[in-house]
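Student: Before we discuss this chain, please show me the model, and then explain the terms as they arise.

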Amino acid sequence: MENIFNILSSVFKYIFIVVVYSFIFRILKLIYLDISTMDLGVEREEAYLKLLNKRVSIPYKVKEYYSLGDGLSFGRMGDNDVILDDQFISKHHAKIVKDEGFYFLEDLDSSNGTFLNGNKIGDVAKLKDGDRIGMGALQFIYLEGDND
């Protein structure tokens, strides 16, 4: 009987050690992912979108920053500038266009809509610094950059 107790004690001791090391490994992995996605204070001179969601919570590839340039298109299809493999994003969901130095957000008749500061847009909306753009489960913030 004492021999069985010693065997069970050893088994539980090793299981406990594996659980503790697994927990430590997961914590270190989360710290690494958090550090690797940090903004290092790089100043941007042109307008851009910054992803507000944590990238590790998104099951598909998405960048943390998107420079707008002359504009971007968003959707699930491969011909979009930003491909978002989200079931709530349409094939051609929305686009941002530049006109006379200003950026405009346009919904492309998407099924679930495009949101600007929590309000569903019907057509085209002019963007201003700090606006929040929502598509599917994603949230972006529009930033005009540092044009001093």
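Tutor: Helices (H or I, at least four residues) and strands (E, at least two) are DSSP runs, numbered from the N terminus. By that rule the chain has one helix and eleven strands, in the order α-β-β-β-β-β-β-β-β-β-β-β. This is a predicted model, in which local features need pLDDT of at least 70 and side-chain atom pairs count only at pLDDT 80 or more, while totals for chains, interfaces and linings use all residues. Residues are numbered from 1 along each chain as its sequence is written, and side-chain values use heavy atoms, with hydrogens and water left out.

Student: What makes a residue buried, and how many of the 148 residues are buried?

Tutor: Buried means under 20% relative accessible area (1.4 Å probe, protein chains only). Residues that meet this cut-off make up 29% of the 148.

Student: Why is the set of 26 residues called a nonpolar core?

Tutor: A nonpolar core is a set of buried Ala, Val, Leu, Ile, Met, Phe, Trp, Tyr and Cys residues joined through side-chain atoms within 4.5 Å. The largest such set has 26 residues, and Leu49, Ile96 and Ile133 have the most contacts inside it. Strand 11 gives the most to this core, three residues.

Student: Which residues is Leu49 in contact with, beyond its neighbours within four places in sequence?

Tutor: Contact means heavy atoms within 4.5 Å. By that criterion the partners of Leu49 include Glu64, Phe74, Ile96, Ile133 and Phe140.

Definitions and conventions:
Buried means under 20% relative accessible area, exposed over 50%, partly exposed in between (1.4 Å probe, protein chains only).
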